[in-house]
Amino acid sequence: MKHAIEEAKKAEALGEVPIGAVIVKDQEIIARAYNLREQDRSAIAHAELLAIAQANQVLNAWRLEGATLYVTLEPCPMCAGAIINSRLRQVVYGASDPKAGCGGTLYNLLETDVFNHQTDVISGVLEQETGDLLTTFFRKLRARKKKLFTD
């Protein structure tokens with residue numbers, strides 16, 4: 001998770017929401033990514049999706065069986081779908097997402113047995129640290145916006 005946090009800090013340095021992800025297979029990091037939605041002007045430039053695409057290239061395969069995704073924020077529905085479809089074995093996330101979390105907070109798309117693949121979920125890993133990254137980012141963002149409107 002520490003490596004995912006490093007990726008999240010790269011996003012924050014670019015003014016992006018600080019979410020980072022890494023994918024590990026056979027105890028080796030095979031992909032690293034962070035949110036790039038603002039920079040790429042793309043609704044799908046989530047850290048998880050970028051990491052999955054990178055891992056697909058590294059392994060030259062769409063299936064990521066046996067791999068684990070570490071991500072600083074609970075996956076949204078779009079990312080949960082990609083996780084299921086890429087056959088990731090496990091997702092480990094830090095902070096829960098009360099607005100879009102599909103790893104157990106709002107829904108648990110990852111472990112439901114209605115799909116042809118289930119992904120094990122471990123939640124709350126370094127939850128305070130990952131949550132603080134997001135809280136601090138949004139607090140600063142709100143302060144900047146407030147200052148713009150009051151100047």
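Contact means heavy atoms within 4.5 Å. Axes are lines fitted to C-alpha atoms, for helices over the stretch in contact, and angles run from 0 to 180 degrees between N-to-C directions. Helices (H or I, at least four residues) and strands (E, at least two) are DSSP runs, numbered from the N terminus. With these terms set, α3 can be placed: it lies across β1, β2 and β3, and runs at about 140 degrees to β2.

This is a predicted model, in which local features need pLDDT of at least 70, side-chain atom pairs count only at pLDDT 80 or more, and totals for chains, interfaces and linings use all residues. Residues are numbered from 1 along each chain as its sequence is written, and side-chain values use heavy atoms, with hydrogens and water left out.

Start with the sheet. Strands of a sheet pair through backbone hydrogen bonds, either parallel or antiparallel. Here two strands pair if DSSP finds at least two bridges between them. Five strands form an open sheet with mixed pairing, in the order β2-β1-β3-β4-β5. β2 and β5 (120-122) are the edge strands, as each pairs on one side only. On average, neighbouring strands of this sheet are turned by 20 degrees against each other, direction ignored.

Now walk across the sheet from the β2 edge. β1 (residues 20-25) and β2 (residues 28-34) run antiparallel and are joined by six bridges. One pairing puts Val 22 opposite Arg 32 in β2. The two strands form a hairpin with two residues between them. In that turn, Asp 26 has a positive phi of about 50 degrees.

On to the next pair. β1 and β3 also run antiparallel, with four bridges between them. Ala 21 has Val 71 as its bridge partner in β3. Then the direction changes: β3 and β4 run parallel, joined by five bridges. Tyr 70 has Val 92 in β4 as its bridge partner.

How covered is β3? Buried means under 20% relative accessible area, exposed over 50%, and partly exposed in between (1.4 Å probe, protein chains only). By that measure β3 is mostly covered, with five of its six residues buried.

Val 24 gives a view from β1, the strand in which it sits. Its relative accessibility is 18%, so Val 24 counts as buried. Leaving out residues up to four places away in sequence, Val 24 touches Ile 29, Gly 66, Ala 67, Thr 68 and Tyr 70. The C-alpha atoms of Val 24 and Gly 94 are separated by 16 Å, and the two residues are 70 apart along the chain.

Next come the helices. Two packed helices are described by the angle between their axes and the distance between the axes. For α3 and α4, the angle is about 20 degrees and the axes are 9 Å apart. Angles under 35 degrees count as roughly parallel, over 145 as roughly antiparallel, 65 to 115 as roughly perpendicular and the rest as oblique. So α3 is roughly parallel to α4. α3 passes α4 in a left-handed crossing. (A crossing is left-handed if the near helix is turned anticlockwise from the far one by less than a right angle, and right-handed if clockwise.)

Which residues meet between α3 and α4? From α3 come Glu 48, Leu 49 and Ile 52; from α4 come Met 78, Cys 79, Ala 82 and Ile 83. Leu 49 lies in helix α3 and is buried, with a relative accessible area of 18%. Neighbours within four places in sequence aside, Leu 49 is in contact with Ile 44, Met 78, Cys 79 and Ala 82. The C-alpha atoms of Leu 49 and Ala 21 are separated by 9.1 Å, with their positions 28 residues apart along the chain.

α4 (residues 77-85) has as its buried residues Cys 79, Ala 80, Ala 82, Ile 83 and Ile 84. They pack against α3 (47-59), β3 (68-73) and β4 (90-95). Just after α4, Arg 87 takes a positive phi of about 65 degrees.

Last, the cysteines. A disulfide is a pair of cysteine sulfur atoms within 2.5 Å. A search of the whole structure finds zero disulfides. Cys 76 is in none, and its nearest cysteine sulfur, that of Cys 79, is 3.7 Å away. Cys 79 is likewise in no disulfide. Both sites are covered: Cys 76 counts as buried at 13% relative accessibility, and Cys 79 is buried with a relative accessible area of 0%.
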